[in-house]
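Work through the exercises below with the model open. Try each task before reading its solution.

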Amino acid sequence: MNQATVLWQRATGIARQPAFRLGVRDVLGTMPGISAWGLVTGVAMVKSGMPLPLAVFMTLTVYAGSAQLAVLPLLAVGAPLWVLWFTAFCVNLRFVILSTMWRNFFSHLRLRHRLAIGYFSGDVIFVAFSKRYPTTAKQPEQVPYFWGAAISNWLGWQIPSLAGVYLANEIPLSWGLGFAGVLALLGVLYSMLNDRATWVACAVASLAAVAAFALPLKLNILTAIAAAVAVGLLMEQAERRAARLRPLPAVRAPDPAKGEHHPVLPLDETPPHGSEAARAAAQKECA
């Protein structure tokens, strides 16, 4: 049996899992926004002067709408290559952070499988996955769930994006697709605002983008990204330090009637950060 056959059998086995269908269902609600965003990006690539084959190649390989839309205005004004690369790098820097979180769930997979997950992963998929699996405990159904969400998101992006590439000259600008793309981005963005650090980073990015609007070569985009990333990382670090300074929960004495032989830390009072280390330290002190 050759390798292609093995991969096909494994893929069909994953697709038959109930968790795969659950991942598809969880992502379907975002499809209208993702599709509108993809259509706008496809049209924008051709309208900016990019040749059709290159536009098709870009949407299939880059697969990052925010980076594509951020780079296109720079291409149109003839920005230096380093500005293009740096802009795309800053826009996609969040995927470095997301990849560290994916590692908690998929580190046991083979390298080629993890590389495929890295290509297909996205913001919307991560939001849906985090809501379905809020803890970092590995579960067998997580891989089928991811692929159900990822394949749905990929098709929901690529089909409209390719349609926009091929129909760009037939779609008039009077349709206001740019505004539709903005609405789609706002919808996706709102689904990701699930904690205080994200809200603050979003507000800082908005203010920085407006304040630096007069900069040439759309550098206000880079300014907003740098400000948001810096504020988000600082807030996350501050929250972790605050969590470490919280008092440890009380450890009760063991109850022989329950078969307990060591001091017990109540599970409902386990601290959110460093819980295993905190439990071990507390038990060692009481031993």
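**Exercise 1: The overall fold**

The protein chain has 14 helices and zero strands. The model is predicted.

Task: Find what share of the protein chain counts as buried, and how much accessible surface the protein chain has.

Solution. Start with the residues. Of the 287 in the protein chain, 35% count as buried. Next, take the surface. The accessible surface comes to about 17,000 Å². Carbon and sulfur atoms hold 68% of that area. Last, check the contacts. Among those between residues at least 6 apart in sequence, 71% join residues at least 24 apart.

**Exercise 2: A helix pair**

Task: Work out how helix α9 is oriented relative to helix α10.

Solution. Locate the helices. Helix α9 covers residues 123-132, and helix α10 covers residues 142-166. Their axes come within 10 Å and cross at roughly 150°. Angles over 145 degrees count as roughly antiparallel, so α9 is roughly antiparallel to α10. The crossing is right-handed.

Now list the contact residues. From α9 come Val124, Ile125, Ala128, Phe129 and Arg132. They meet Gln142, Tyr145, Phe146, Ala149, Ala150 and Asn153 in α10. Sort the residues of this contact: eight are nonpolar, two polar and one charged.

**Exercise 3: Glu239**

Task: Decide whether Glu239 is buried, partly exposed or exposed, and find its contacts beyond four places in sequence.

Solution. Place the residue. Glu239 lies in helix α13, residues 219-245. Its relative accessible area is 31%. The partly exposed class runs between 20% and 50%, so Glu239 is partly exposed. Setting aside neighbours within four places in sequence, Glu239 contacts Arg196 and Ala197. Ala197 is 42 residues from Glu239 in sequence, yet their C-alpha atoms are 9.2 Å apart.

Methods
Residues are numbered from 1 along each chain as its sequence is written. This is a predicted model: local features need pLDDT of at least 70, side-chain atom pairs count only at pLDDT 80 or more; totals for chains, interfaces and linings use all residues. Side-chain values use heavy atoms; hydrogens and water are left out. Axes are lines fitted to C-alpha atoms, for helices over the stretch in contact, and angles run from 0 to 180 degrees between N-to-C directions. Helices (H or I, at least four residues) and strands (E, at least two) are DSSP runs, numbered from the N terminus. Angles under 35 degrees count as roughly parallel, over 145 as roughly antiparallel, 65 to 115 as roughly perpendicular and the rest as oblique. A crossing is left-handed if the near helix is turned anticlockwise from the far one by less than a right angle, and right-handed if clockwise. Contact means heavy atoms within 4.5 Å. Ala, Val, Leu, Ile, Met, Phe, Trp, Tyr, Cys and Pro count as nonpolar, Asp, Glu, Lys and Arg as charged, and the others, Gly among them, as polar. Buried means under 20% relative accessible area, exposed over 50%, partly exposed in between (1.4 Å probe, protein chains only). Accessible areas come from the Shrake-Rupley method with a 1.4 Å probe; for residues, only the protein chains shown count as cover.
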